[in-house]
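Got the viewer open? Here is a walk through the model, one selection after another.

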Amino acid sequence: MSRFPRAALPTLLALALVISACGNGDADDAAETTAAPATTAAPETTAAPETTAAPASLLGEVIMELPTTIANAEQAAAATWMLWDEASCSFVETDDHPDFYQAVLRKDGNANYRFAWTPEDNVFDTLIVANESFRVAAAASETDVTEFDNLYPSEEQPLVVADLVVQHDPDVVLSMNVLANLNPAIMSKYKEACIPAVAHSVPHEGQPFFGGGEWYAVGRAQAEYLIAVAEGRGWTTGDVDVLLCSHSAFVQDRTSPYASIIGFREVVKESFDVGDDNIHELECPSDIVTDQANVADWLTAHPDTRNIMGFGINDLRTLGMVNALRESGRAETSIAGGVGLSQESVGPLCASDPTFLTSVDFVPQLWGEYGIAIAQDIAEGNPIPSEIYPQATVVDAASIDQAKC
Amino acid sequence: MAIVAIGIVMTMVSPFFFQAGNFLNVARAVAITGIVAAVSTPMLISGNVDLSVAATMGISGMTAGALLVQELPVPVAIIGALIVGLLMGLVNAVIVVKFRVNSLIATIGTAFIARGVAFLVNGGRSIFIPAESYVALGQGSALGIPKPVFYTVVVFAVIGFVMRYTKVGAHIYAVGSSPEAARRAGISVPKITWGVFLASGFFSALAGVVLTSQAGSAFPYGGQGRELEIIAAVIVGGTALTGGRGSITGTILGVVLLGIIANSLNLMGLPAPYQDISRGLLLVAAVATDQLSGRTLGGRGVFRGLRAGTEEA
């Protein structure tokens, strides 16, 4: 896997484009090719459903088959499917799709596809793992994948990166950008350059979406987990205050990681009957000292709270919150969950911390495999679901992979 | 005066402000900033600036974390982190003294380098610190006071003593006021510059150790963005950006003031942007006052020699 800037190779670029165009195939070619690589049964399926014949493929052998949330015919039928249309330079919806979707990473073979991946950054633990996953998957599949760092929280760099990607002219770009307000500008650049773009982390209308995590569902899952713990401890609705560690940089709707906050808030209101007055959202800029200080100040201003249920939009924020709870002597009457299963949660979970109880594994270690497989499908002209999620799992001290400890 | 005014207003606004527990919150929140602000005071007084302090915190914290993961004893990890800090100070001093690069430019450069190296320490990933005795250094309280506060107080006391009661302190003021006059008076300007940069590296590394022990994790981006807050605290405390003037007492007040502002706005439930606005207004007011008192930013200190290198050497 290479990184930008790289030497311009116009001849190879032209060759790659020609091969890529051939790789998109047409109906006649499809009849001459073998069917799509055999896939194993996805989770929740009893048998692998039949798939529609795939267009011509220049890709090589199968390396990895990855489960997604489109695991059976019912889910497939409920989903919207998309296909890249070169003529209109856009994705179009299609009814001609298989009965389930499984991302299958294949060797590049003779396809010579070139992909671009634009991660949020190379700083956040989850992204470090994810970026490494892209490198590993690119090497394993012998695929040319170039990484362009969006340098979160920069609001300029994602636009600069989009221009760089356009110049780079890949066959598909996997565009990770958590600043939702920038997505229209970014995607319009790709559309203008006729580059198929997969939105990552924040969906964008008209584009397929590869969600590292389904933020809304993640927030709901964490709330359900913590409510179960709270009920197990005999907490009642009137005893509980909910602390949410978020950040104003996120667009506050369901198109950004903030959706996890929305999901969490909804569940504690619906299932635990916590009122709005007892749900408190704090500014946590993901600088652990500031996060801890802000939570400590809130705790000072709310001395009468009895039990606290905390949730941070990522593990780092949750760790800051837990540190503040501990320092204020409230750790015994508090429970908290995070997101990402990064180092900040692995340590507490491995140590069976009584307060930091849970995180969510987005399997970032496989984002590269997923991403490249999805990009291969698009480049090959295969239909893909409009939303693709790896299966995220809630992890606690009992279920954490001990190898991580 | 500002602290007293805010204190009076906040006591009326929030019943939780004027409480011992809340003051301990403030103290804990500013402890790390305080350590670095303390050592940044003689740095600015000497006519230099060190913008690599935050990166030094990051790289030293990562060093400690990496050594602890290797199950080395806690003192070894701390010493290792402090040595890294001293090396940072040494590199900065060499660039400024030997190569006559303006300290502003030199430390921006070394900050980038240090931050990059910090990311290489553990492949960019943070390190969960397994050593409980190390974490215990930064978490919890002693005699009812958060432990980091003790370290901050000691650092302020040491640097304050040096600045007020020793010949070195007087020389730092002299060099910051006029390097040429100091040189004629027999003061070794390069030695003073070496000293302030080594001290800056050492105490920034100490702040990195406190940060990682308080957090229980080491982050390659630890302290990131904190350098401006630190300089703001020092300047608000009356230290001249142009060098030659300032005091540790003023810096303590500057640190406390910024901490109380953040704390007050948190207690009132106001969002973070208002904190930024308040900090910004305060900083501008302080610098404007400095300007009106007759010192110009282009005249001496940090901005001296931006075009032609420093004159210290």
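Before the first stop, a word on angles: axes are lines fitted to C-alpha atoms, for helices over the stretch in contact, and angles run from 0 to 180 degrees between N-to-C directions. Keep in mind, too, that this is a predicted model.

**Stop 1: a six-stranded sheet in chain A**

Select strands 12, 11, 13, 14, 15 and 18 of chain A. In that order they make up an open sheet of six strands, with mixed pairing. At the edges sit strand 12 (279-283) and strand 18 (393-396) of chain A, each of which pairs on one side only. Direction ignored, neighbouring strands of this sheet are turned by 20 degrees against each other on average.

Now zoom in on strand 11 (residues 240-246) of chain A. Strand 11 runs parallel to strand 12 of chain A, and five bridges join the two. For a landmark, pick Cys245(A): opposite Leu282(A) in strand 12 of chain A is where Cys245(A) stands.

**Stop 2: helices across that sheet**

Add helix 9 of chain A to the view. Which strands does helix 9 of chain A lie across? They are strand 11, strand 12 and strand 13 (307-312) of chain A, and the helix runs at about 145 degrees to strand 12 of chain A. Next, show helix 11 of chain A, which lies across strand 15 (356-361) and strand 18 of chain A. Its angle to strand 15 of chain A is about 130 degrees.

**Stop 3: where chain A meets chain B**

Bring chain B into view. Here 27 residues of chain A are in contact with 28 residues of chain B. The area buried between the two chains is about 2,400 Å², and carbon and sulfur atoms give 54% of that. Highlight Val289(A), Asp297(A) and Glu327(A): these three supply 24% of the area that chain A buries against chain B, more than any other three residues.

How many salt bridges are counted between chain A and chain B? The count is two. To see a salt bridge here, select Arg226(B) and Asp287(A), whose side chains meet at 2.7 Å, N to O. Across this interface there are also ten residue pairs in polar contact, with both residues at pLDDT 80 or more.

Colour the chain A side by helix. Helix 4 (125-141), helix 9 (288-301), helix 10 (315-327) and helix 11 (343-350) of chain A each supply at least two residues of the side that touches chain B. Helix 9 of chain A, already visited at the sheet, gives the most, with ten residues. By residue type, the side of chain A that touches chain B divides into twelve nonpolar, eight polar and seven charged.

**Stop 4: a long-range pair in chain A**

Over all chains, the structure holds 18 salt bridges. For another one to look at, select Arg106(A) and Asp377(A), whose side chains meet in a salt bridge at 3.0 Å, N to O. This pair links distant parts of the chain, 271 residues apart: Arg106(A) is in strand 5 (residues 103-106) of chain A, and Asp377(A) is in helix 12 (residues 367-380) of chain A.

**Stop 5: a three-stranded sheet**

Switch to strands 4, 3 and 16 of chain A, which in that order form an open sheet with antiparallel pairing. Strand 4 (90-93) and strand 16 (384-385) of chain A stand at the edges with a single partner strand each, so one side of each has no neighbour in the sheet. Four bridges pair strand 3 (residues 81-85) with strand 4 of chain A in the antiparallel sense. Click on Met82(A), and opposite it is Glu93(A) in strand 4 of chain A.

**Last stop: Ile78(B)**

Finish in helix 4 (residues 74-98) of chain B, where Ile78(B) is found. Leaving aside neighbours within four places in sequence, Ile78(B) is in contact with Tyr134(B), Leu137(B) and Val209(B).

Conventions:
Residues numbered from 1 in each chain as written. Chains lettered and ligands numbered in written order. Predicted model: local features only at pLDDT ≥ 70, side-chain atom pairs only at ≥ 80, totals over all residues. Heavy atoms only, no water. Contact = heavy atoms within 4.5 Å. Buried area = accessible area lost by both parts, 1.4 Å probe. Salt bridge = Lys/Arg side-chain N within 4 Å of Asp/Glu carboxyl O. Polar contact = N/O pair within 3.5 Å; in protein donor to acceptor, adjacent residues only side chain to side chain. Nonpolar A, V, L, I, M, F, W, Y, C, P; charged D, E, K, R; others polar. Pairing = 2+ DSSP bridges.
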